[in-house]
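Colleague: I would like to learn how to read a structure like this one. Could we go through it feature by feature?

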Amino acid sequence: MSISRRKFLGWLGSAGLGVTVGGNASAASNKHFTGYPDSSGVLFDNTRCIGCRKCEEGCNKVNELPAPDKAFDDLSVMETQRRTQAAAYTVVNRYTETPDAGGPVYRKIQCNHCLEPACASACFVRAFTKTPTGAVTYDESVCVGCRYCMIACPFEIPSYEYEKALTPSVTKCTLCHPRIIKGLLPGCVEICPTEALTFGKRKDLLRLAKERIQQHPGRYVDHVYGETEMGGTSWLYLSDTPFQEIGMREDLGNLPAPLLTKGALSAVPIISGMWPVLLTGIYAISIRKEKIAEKEKAQAINAAREQAEADAKAKLDDALKQVQKEKEKEIEMHVKKALEEAAKAQSEAAAKPESKEESDG
Amino acid sequence: MAEESASTRKFQFTPFTIVSGVILIVGLILTVLRFTGGLAAVTNLSDYNPWGIWIGFDLLVGVALAAGGYVTSAAVYIFGLKKYHSAVRPAILTGFLGYALVVLALHYDVGRPWRLPYPFIMQQGTTSLLFEVGACVALYLTVLFIEFSPVAMEWLGLKRARNLVVKLTLLLTIFGVVLSTLHQSSLGALFLIAPSKVHPLWYSSYLPVYFFVSSIIAGLSMVIFESTLSHRYFQDKMDPEHLAEKDSVALGFGKAAAFVLAGYFIIKVLGIAADNNWHYLSTGYGAWYLVELLGFVALPCFLYAVGVRDKNLAIIKWTSALTVLGIVVNRFNVSMVAFNYHLPSSERYFPSWMEIGISVFIVTIGVVVFRFIVTRMPVLYEHPGYKSAH
């Protein structure tokens with residue numbers, strides 16, 4: 001929906017009907033996303049806040065939330081530090097132990113509607129959307145309830161309906177998105193009796209905040225909280241007390257949340273592209289190694305067998321030769337013997353005929 | 001074998017059946033409480049602490065300890081270390097059951113479990129590391145199921161289907177390693193988005209690398225650990241090949257684990273150096289970090305090395321238990337101890353007994369199913385009809 005709107009604005013721009021709008025649209029589609037142009041936000045100035053809890057009441061009313069345990073005019077709840085809850089999209093806390101301030105200091109807590117929200121980046125069903133109005137909206141109809149958005153949110157805003165068995169949802173401030181698209185003010189802004197809350201275009205609010213700092217030197221901390229925190233937020237804060245002292249973390253850094261996981265995500269194509277190739281290669285190497293080993297084994301066996309055969313043959317030959325020699329010797333001996341015997345017989349025969357003849361005769 | 005399986009099928013009151021029976025009954029009661037009363041009825045989860053031990057233990061530890069499947073099958077089928085072949089099936093079974101139980105545990109943890117397929121069928125939040133985890137776990141569970149299916153098919157006598165699946169072994173193994181690399185590392189990367197909430201000693205841009213490398217350690221150690229337990233309780237189911245290879249598996253895997261632990265120790269120290277977090281080591285968190293680094297990384301590394309050098313199987317077995325415990329400590333540290341370190345102790349998380357009960361219940365289901373399978377199917381022995389196939 002938002003994309004088609006941007007496209008539409010882009011067509012307007014290219015058709016020459018609105019040169020500025022077209023320029024902005026192309027800026028929004030640029031890879032370096034710095035937030036939707038003309039998105040809205042709210043400026044909270046804690047020097048004007050009196051801690052009346054009217055904003056909590058207004059929020060409760062327009063969002064049709066259940067009635068709180070203690071009525072909104074009961075200020076005793078401020079004795080403890082509270083946070084957003086399933087049934088309270090916004091709370092105001094009082095800080096009395098701030099060394100720099102004269103009296104108590106108040107701070108309103110609700111979703112800051114980051115320009116590049118951690119919750120939206122973390123959600124695996126895209127239940128969160130940063131809309132061009134500036135509001136970060138939540139779609140309950142797809143939410144699985146993994147609560148990773150609550151892990152991811154650096155401002156600890158989203159709450160969960162742990163009590164519900166079948167239809168628990170994440171809850172958080174919507175910047176009254178349904179109201180602002182109708183042209184109405186967010187519930188908290190509308191009800192605030194001291195103009196501590198100012199609704200407007202974020203860039204205008206930023207200018208306004210800086211003007212106030214300039215116009216009242218010494219009153220404010222020289223920083224608009226939310227201008228750069230986590231890549232910038234739609235809610236902006238002015239304070240007379242260091243933000244750290246009223247529970248606002250100053251160590252969050254200026255990187256938008258999606259950049260924190262960009263590196264890890266970019267490993268996905270590398271791993272899924274390179275691992276199969278590498279692993280197949282390793283497999284091929286191990287198979288080849290095995291084959292070579294087998295071949296070498298076979299070769300070694302063959303060589304050993306050949307050697308053994310040759311040795312055996314040589315031995316056999318030797319043995320045969322010896323046997324032959326022995327046989328030859330034996331034959332020789334036998335022949336010799338036979339010859340000797342024959343000679344003997346001959347000589348005997350030569351000597352005997354006389355006697356034979358004698359006996360014959 | 002037929003006689004033995006007939007005797008195991010007859011139900012008997014042994015200490016095992018009594019204890020596991022009690023746990024299962026308590027678990028079923030807690031299950032009813034969980035799904036009728038919501039998460040608040042059984043857990044100590046809060047808006048500050050959206051993830052408790054069902055994520056810290058059941059998901060993070062569960063997935064890490066189920067890494068034996070991809071580690072062993074990669075060693076045998078890709079790296080060609082065939083002498084560890086008998087370790088593949090028990091490891092794949094442990095892996096498959098581990099992942100199945102992770103998915104089961106997620107049904108308890110997420111608010112609307114019947115919507116678990118939504119990230120795939122409704123809208124894909126591809127910028128989320130949890131999407132990567134979900135997609136890989138779903139796919140890898142399928143891979144493990146297919147990898148394990150030949151065992152069941154041999155048992156059921158489905159020879160043709162079994163032979164077909166066995167042909168896919170290499171493909172499945174490579175796919176399994178890719179998926180495991182991705183989701184093991186992205187479980188660590190889940191916390192990259194919250195640098196302001198995780199103590200600097202545990203938060204590092206190397207978190208995905210730590211989780212992946214330590215999953216290899218977990219896989220190797222679990223194979224040794226599981227084989228030790230199996231040998232103790234299911235020795236009669238093991239065939240001569242399994243019994244003969246058992247010690248060489250422990251020695252080989254112990255040696256590999258010693259090396260990987262040494263590498264893991266080095267990159268952990270590099271991480272501290274890269275972010276210049278040395279000064280945190282003198283704090284209370286630093287002391288605990290040193291316990292993890294020295295007691296559960298350096299010590300098992302040393303013990304494995306000694307065990308392998310001396311061929312001392314007892315040391316290797318005890319070290320595998322210590323290493324597995326170290327993985328649990330590490331995952332608990334990242335997801336619970338170091339998480340929300342900036343909050344006052346009143347806002348910190350400690351599990352309720354019922355959360356622990358569900359985790360014990362799920363582990364018990366795993367043990368019971370493991371026992372059911374190894375006493376019936378050819379896991380610890382080769383099916384006589386398929387011996388030549390390997």
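Colleague: Let me start with one residue: does A:Glu161 count as buried or exposed, and at what relative accessibility?

Modeller: First, a caution: this is a predicted model. A residue counts as buried when its relative accessible area is under 20%. A:Glu161 has 16% relative accessibility, so A:Glu161 counts as buried.

Colleague: Which residue forms a salt bridge with A:Glu161?

Modeller: The general idea comes before the case. Side chains of opposite charge can pair when their charged atoms come close. Here the partner of A:Glu161 is A:Lys164, and their closest N and O atoms are 3.4 Å apart. A:Lys164 is partly exposed, at a relative accessible area of 37%.

Colleague: How far apart along the chain are B:Glu292 and B:Lys268, and which helices hold them?

Modeller: They are 24 residues apart, and the pair links distant parts of the chain. B:Glu292 lies in helix α13 (residues 284–309) of chain B, and B:Lys268 in helix α12 (residues 240–274) of chain B. The two form a salt bridge with closest N and O atoms 3.4 Å apart. B:Glu292 is buried at 2% relative accessibility, and B:Lys268 is buried with a relative accessible area of 4%.

Colleague: How many salt bridges are there over all chains, and how many between chain B and chain A?

Modeller: A search of the whole structure gives 20 over all chains. Between chain B and chain A the count is three. One of the pairs is A:Glu140 with B:Arg112, whose closest N and O atoms are 2.5 Å apart. This pair crosses between chains: A:Glu140 sits in the loop between β5 (136–138) and α5 (148–152) of chain A, and B:Arg112 in the loop between α6 (88–109) and α7 (118–121) of chain B. A:Glu140 is partly exposed, at 33% relative accessible area, whereas B:Arg112 is buried, at 3%. In another pair, the side chains of B:Asp109 and A:Arg147 meet at 3.0 Å, N to O. Salt bridges can also join into a network, as they do for A:Asp45, A:Arg48 and A:Arg212.

Colleague: How many residues of each chain take part in the contact between chain B and chain A, and what area is buried there?

Modeller: On the chain B side 62 residues are in contact with 57 residues of chain A. The area buried between the two chains is about 5100 Å², and carbon and sulfur atoms give 61% of that. In chain B, the residues that lose the most area to chain A are B:Asp47, B:Arg112 and B:Ile193, together 16% of what that side buries.

Colleague: What span does helix α4 of chain B have between its end C-alpha atoms?

Modeller: Helix α4 (residues 53–65) of chain B spans only 15 Å, while a straight helix of 13 residues would span 18 Å at 1.5 Å a residue. 12 of the 13 residues of α4(B) are buried, so this helix is largely enclosed by the rest of the structure. Among the buried ones are B:Trp54, B:Asp58 and B:Leu65.

Colleague: Where is B:Val76, and which residues does B:Val76 touch?

Modeller: B:Val76 is in helix α5 (residues 68–78) of chain B, and B:Val76 is buried with a relative accessible area of 3%. Not counting residues up to four places away in sequence, B:Val76 touches B:Leu81, B:Lys82, B:Tyr84, B:His85 and B:Val88.

Colleague: And which residues is B:Met354 in contact with?

Modeller: Leaving aside neighbours within four places in sequence, B:Met354 contacts B:Leu30, B:Leu33, B:Ala41 and B:Val42. B:Met354 lies in helix α15 (residues 353–374) of chain B and is buried, at 16% relative accessible area.

Colleague: Last, what is the mean pLDDT of chain A?

Modeller: The mean pLDDT of chain A is 86, and 87% of its residues reach 70 or more. Over residues 8–30 of chain A, however, the pLDDT is below 50, and beyond near neighbours in sequence this stretch has 15 contacts in the model. Where pLDDT is low, the predicted coordinates should not be read in detail.

Colleague: How many helices and strands are there in chain A?

Modeller: Chain A has 10 helices and nine strands. Of the 361 residues in chain A, 40% are buried.

Methods:
Residues numbered from 1 in each chain as written. Chains lettered and ligands numbered in written order. Predicted model: local features only at pLDDT ≥ 70, side-chain atom pairs only at ≥ 80, totals over all residues. Heavy atoms only, no water. Helix = DSSP H or I, 4+ residues; strand = E, 2+ residues; numbered from the N terminus. Buried < 20%, exposed > 50% of the residue type's maximum accessible area, 1.4 Å probe, protein only. pLDDT = per-residue confidence, 0-100. Contact = heavy atoms within 4.5 Å. Expected span 1.5 Å × (residues − 1). Buried area = accessible area lost by both parts, 1.4 Å probe. Salt bridge = Lys/Arg side-chain N within 4 Å of Asp/Glu carboxyl O.
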